[in-house]
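Hi there,

Here is the structure I promised to pass on. Have a look at it first, and then read on for what turned up.

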Amino acid sequence: NMMREISGINEMEKRLQSLLNLNEIVIVPGNSDESPWVKEELGRASAFSMKQRLEGNNIIAVTGGSTMAAVAEMLTPDFSGSDTLFVPARGGIGEDVKNQANTICAKMAEHTGMRHRVLYVPDQVSKEVYKSFLKEPMIKEVLNLIKSANMVLHGIGDAITMAERRKTSPDDFEKITVGHAVGEAFGYYFDESGEVVHKVPTIGLQLEDLKHINHVFAVAGGSSKAKAIRAYLKSAPSSTILITDEGAAKELLKG
Ligand code: BG6
């Protein structure tokens, strides 16, 4: 498209692709730190990329966050001919209801006219109670669905922002700061070299599961997330499709 050529976004995508060693990057104009509508553009671009890769049957595992919530808003009832199920990628990891994966999956199902399943695992229970939860047939069933997802759609957060938002315990907070975590995804906290320094213990998709999944979409924008994106991508599968904005891309290109 002409606009993208004139503004140099296509060129930026190519440069960032080789810098980050990814097969595909989509950059939307603007900086979501500054303008809220940019998140909508991230949502639109994600919806477009997802639709291009739909198969007959799809299980799409989704994380929480305001970016994912924006993606849900941009989905439309044109998942034509597909049978698609949305599932939360992982159990509760301390987000507010509107930012929870369960809520977002429900929205995605509503907007596309497809189905969704929920995974309710309280995180404030004893180990014993937690273990018996895992034996529940309904929970087992959803866990199996998650493990057979052919698409994953996830956000990336700044480590400290996420630790604060999740009301992390002082001990875990210390692990995150002492470990110099800069980025977070799926409840894993990464330092600048991409090492995991802390992990929120919950069931569902684990980082190592990602390499078996055909399509992984990482959606994150805003210049303040550049460090987090760079850190996470060091351990992300190279098949990851990054959907970001100009604000983050410009920072990332500074190296
Ligand atoms: C959380 C996810 O819900 O959202 C995190 O569990 C992710 O893994 C975060 O980093 C991103 O949030 P936002 O609001 O910046 O899109």
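Let me start with a lysine, and please keep in mind that this is a predicted model. Lys-135 sits in the loop between α6 (127–134) and α7 (137–147). With a relative accessible area of 62%, Lys-135 is exposed. Together with Lys-127, Lys-131 and Lys-140, Lys-135 makes up a positive surface patch.

Next, the sheets. One is an open sheet of seven strands with parallel pairing, in the order β1-β11-β10-β5-β2-β3-β4. Its edges are β1 (24–28) and β4 (115–116), each of which pairs on one side only. Further in, β2 (residues 57–62) and β5 (residues 151–155) run parallel and are joined by three bridges. If you want a spot to zoom in on there, Val-62 has Leu-153 in β5 as its bridge partner.

The other open sheet I'd point you to has four strands, ordered β6-β7-β8-β9, and here the pairing is antiparallel. β6 (157–158) and β9 (196–199) each have a single partner strand, so one side of each has no neighbour in the sheet. Strand β8 (residues 188–191) runs antiparallel to β9, and three bridges join the two. Tyr-188 finds its bridge partner in β9 at Lys-199.

Now the charged pairs, which may be of interest to you. Side chains of opposite charge can pair when their charged atoms come close. How many salt bridges does a search of the whole structure find? The count is eleven, and these three are among them:

- Asp-78 and Lys-51 meet through their side chains at 2.9 Å, N to O. Asp-78 is in the loop between α4 (66–74) and β3 (83–88), while Lys-51 belongs to helix α3 (residues 37–52), so this salt bridge links distant parts of the chain, 27 residues apart. Both ends are partly exposed, Asp-78 at 35% relative accessible area and Lys-51 at 27%.
- Lys-107 and Glu-73 form a salt bridge whose closest N and O atoms are 3.7 Å apart. Because Lys-107 lies in helix α5 (residues 101–112) and Glu-73 in helix α4, the pair ties together parts 34 residues apart in sequence. Lys-107 is partly exposed at 32%, and so is Glu-73 at 44%.
- Glu-246 and Lys-250 form a salt bridge, with 3.7 Å between the closest N and O atoms. These two are four residues apart in helix α11 (residues 246–253), which means about one helical turn separates them. Glu-246 counts as buried at 16% relative accessibility, whereas Lys-250 is partly exposed at 47%.

Happy browsing, and best wishes!

Conventions
Residues numbered from 1 in each chain as written. Predicted model: local features only at pLDDT ≥ 70, side-chain atom pairs only at ≥ 80, totals over all residues. Heavy atoms only, no water. Patch = residues over 30% accessible without salt bridge, like charges linked within 9 Å, V, L, I, M, F, W, Y side chains within 5 Å. Areas by Shrake-Rupley, 256 points an atom, 1.4 Å probe, with all protein chains shown as cover. Salt bridge = Lys/Arg side-chain N within 4 Å of Asp/Glu carboxyl O. Lys, Arg positive; Asp, Glu negative; His and termini not counted. Charge placed at Lys NZ, Arg CZ, Asp CG, Glu CD. Buried < 20%, exposed > 50% of the residue type's maximum accessible area, 1.4 Å probe, protein only. Pairing = 2+ DSSP bridges.
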